[in-house]
Amino acid sequence: MSTQVTKSDQSRASTQPVAGSAREAAVLEAVPTQLLIGGQWRDAEGGATLEVIDPSTGGVLCEVADATPADGMAALDAAVAAQPGFAAMSPRERADILTRAFELLHERIDDLALLMTLEMGKPVAEAKGEIAYAAEFFRHFAGEATRISGGYQTAPAGGARFLIARQPVGPCLLITPWNFPMAMGTRKLGPAIAAGCTSVIKPAHQTPLSMLALGQILLEAGLPEGVVNIVTCQGAGKVMEPLIRSGKARKLSFTGSTKVGKILLEQCAEKVLRTSMELGGNAPLIVFEDADVEEAVAGALAAKMRNMGEACTAANRIYVHESIAEEFGRRLGEEMSSMPMGRGTEPGVRVGPLIDEAAQDKVTELVTDAVDRGATVLTGGSAPEGEGFFYPPTVLSGVSPEARMGSEEIFGPVAAITSFSTEDEVVAAANDTPFGLVAYVFTNDLRRSLRVAEALETGMVGLNQGVVSNPAAPFGGVKESGLGREGGDTGIDEFLETKYIGIALA
Ligand code: NAP
């Protein structure tokens with residue numbers, strides 16, 4: 001049975017801890033709530049804390065340390081101090097730590113999934129999936145740690161030799177979003193640790209608990225003091241900007257909105273920090289007339305409903321050929337309307353709450369705007385009365401290209417369908433955005449699939465599949481969706497410098 005969503009005027013603003021099961025209380029009790037600096041758990045300067053909210057009720061789950069800029073600098077100083085020793089650690093030892101952390105994530109997957117559901121809202125089954133996915137980054141980069149290679153080359157004119165060495169970039173600043181509280185962390189920490197870089201990581205203020213639990217696991221796995229430092233805070237800009245501008249860090253790896261990414265790129269310019277930017281998306285999902293409609297509906301469901309639509313890879317614009325648009329909309333509507341919504345801890349729930357009230361309001365506004373511009377609601381379409389930040393699975397057809405959701409991330413469980421007639425027309429529409437993270441294409445025509453995949457201006461394309469994320473593949477976007485790639489065999493390059501040593505032989 002899913003939770004009944006009922007109106008309440010604000011447990012959201014309440015400071016009373018949420019009453020949950022004994023197991024929920026035990027899981028919350030076990031997670032550290034302090035800052036991790038130099039291998040020690042400690043309070044924020046002045047003892048300030050920030051509240052962690054349960055998005056399914058709006059109530060307070062617990063409080064964690066709210067770091068000041070001085071705490072942030074202490075964390076960076078700890079990372080700087082640990083850097084030389086960690087760079088000198090053997091690749092095999094670094095790999096062994098990642099492997100042990102991978103194992104611990106699996107040993108504790110049930111508790112970690114519950115913790116993630118409590119702070120972020122996604123159903124426990126999805127949270128488990130995320131932890132398994134997060135752990136894979138550690139397994140993948142444990143392998144990469146021992147495969148960092150260089151080169152030896154004869155100069156074209158002869159005589160001299162070139163020695164090409166790879167070295168850790170140095171202390172890194174890592175900033176992660178709330179939507180994948182564990183995986184966005186391990187996607188950065190895995191390659192950073194493998195490469196021999198120390199770091200300060202700052203999770204989103206809504207979801208600090210998963211990262212704190214990860215910090216505990218990394219220490220247990222044998223990570224030396226100061227290699228990973230965790231700073232939780234609600235004043236992200238105030239705490240992180242001095243660190244970026246200090247010149248003590250050598251790299252910033254950020255996952256979050258394009259808006260914040262642009263601010264950070266400007267800040268990084270001052271000391272010419274290396275950057276990796278995993279930013280926003282506006283993914284098109286294209287269903288051609290020759291596609292298998294059932295497969296396309298399943299793919300759209302995955303691309304839309306993973307994480308309640310709160311994913312940078314979520315299908316934001318669904319283009320369906322006019323000859324099958326009606327059937328596709330009806331079948332997607334049937335699937336989406338049958339997904340139980342409720343608190344993610346309840347068995348059978350497939351749609352949890354959105355992250356906060358602002359997210360719920362934004363989805364409501366975007367749907368209202370699309371309907372005002374002529375869209376038809378096939379299912380869902382309005383937030384339920386009640387506590388928590390829920391929004392039901394919603395399918396809209398006939399969405400105008402001028403609707404705001406054509407150019408803004410919906411970040412919610414709303415499928416926006418527009419029909420098209422020709423391949424050229426749909427490729428032009430799909431590319432008509434400053435974003436370029438991922439696109440999905442459903443067709444059974446091999447020539448068309450490759451032609452369209454090449455023409456789409458995105459870093460990734462899913463062909464007849466609705467999920468592309470895989471730790472062994474290079475994840476990332478083009479245009480305003482970002483810089484650099486995470487995962488794959490190139491993911492570790494983001495944390496390595498190339499040094500060329502010229503050698504005279506005579
Ligand atoms: P966000 O507002 O950009 O926040 C992301 C992170 O940046 C949070 O930790 C946030 O801290 C921090 N932050 C905010 N302002 C900052 C500042 N001035 N200086 C330093 N740090 C700052 O994004 P979000 O709403 O959490 O996440 C959703 C966005 O992330 C979407 O646009 C989504 O597409 C994108 N995303 C991209 C990928 C990808 O791989 N391309 C993956 C997941 C999500 P606070 O929480 O304290 O504000």
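Which residues is Glu-494 in contact with, leaving aside its neighbours within four places in sequence? In this predicted model, the contacts of Glu-494 are Val-169, Lys-251, Arg-274, Thr-275, Ser-276, Gly-484 and Arg-485. Glu-494 itself is found in the loop between strand S21 (482-483) and strand S22 (496-503). Its relative accessibility is 15%; because buried means under 20% relative accessible area, Glu-494 counts as buried.

Lys-251, one of the residues in contact with Glu-494, also has a place over an aromatic ring. The charged end of Lys-251 sits over the ring of Phe-495, 5.2 Å from the ring centre. An arrangement of a charged residue and a ring is also found for Arg-94, which lies over the face of Phe-86 at 6.0 Å from the ring centre.

Aromatic pairs were searched for in the whole structure, and 4 were found. In one of them, the ring centres of Trp-178 and Phe-411 are 5.7 Å apart and the ring planes stand at 85°, so the pair is edge-to-face. Trp-178 lies in the loop between strand S7 (172-175) and helix H6 (183-195), while Phe-411 lies in the loop between strand S15 (394-397) and strand S16 (414-420); the pair therefore ties together parts that are 233 residues apart in sequence. Trp-178 has a relative accessible area of 15% and is buried. Phe-411, at 21% relative accessibility, counts as partly exposed, because the buried class is limited to values under 20% and the exposed class to values over 50%.

Phe-288 and Phe-420 form an aromatic pair that is edge-to-face, with 5.5 Å from centre to centre and 85° between the planes. This pair links distant parts of the chain, 132 residues apart: Phe-288 is in the loop between strand S12 (283-287) and helix H10 (293-305), and Phe-420 is in strand S16. Both Phe-288 and Phe-420 are buried.

At the surface, Tyr-152, Leu-163, Ile-501 and Leu-505 make a nonpolar patch of about 390 Å². Tyr-152 belongs to strand S5 (residues 151-154). The relative accessible area of Tyr-152 is 56%, and this residue is classed as exposed because the class begins over 50%. Ile-501, another member of the patch, has a number that falls within strand S22 (496-503).

Note on methods. Residues are numbered from 1 along each chain as its sequence is written. This is a predicted model: local features need pLDDT of at least 70, side-chain atom pairs count only at pLDDT 80 or more; totals for chains, interfaces and linings use all residues. Side-chain values use heavy atoms; hydrogens and water are left out. Patches are made of residues with over 30% relative accessible area and no salt bridge: like charges are joined within 9 Å, nonpolar side chains (Val, Leu, Ile, Met, Phe, Trp, Tyr) within 5 Å. Accessible areas come from the Shrake-Rupley method with a 1.4 Å probe; for residues, only the protein chains shown count as cover. A salt bridge is a side-chain nitrogen of Lys or Arg within 4 Å of a carboxyl oxygen of Asp or Glu. Helices (H or I, at least four residues) and strands (E, at least two) are DSSP runs, numbered from the N terminus. Buried means under 20% relative accessible area, exposed over 50%, partly exposed in between (1.4 Å probe, protein chains only). Contact means heavy atoms within 4.5 Å. Rings of Phe, Tyr and Trp (its six-membered ring) pair if their centres lie within 6.5 Å; planes under 30 degrees apart count as stacked, over 60 as edge-to-face and the rest as tilted. A charge sits over a ring if NZ of Lys or CZ of Arg is within 6 Å of the ring centre and within 35 degrees of the ring normal.
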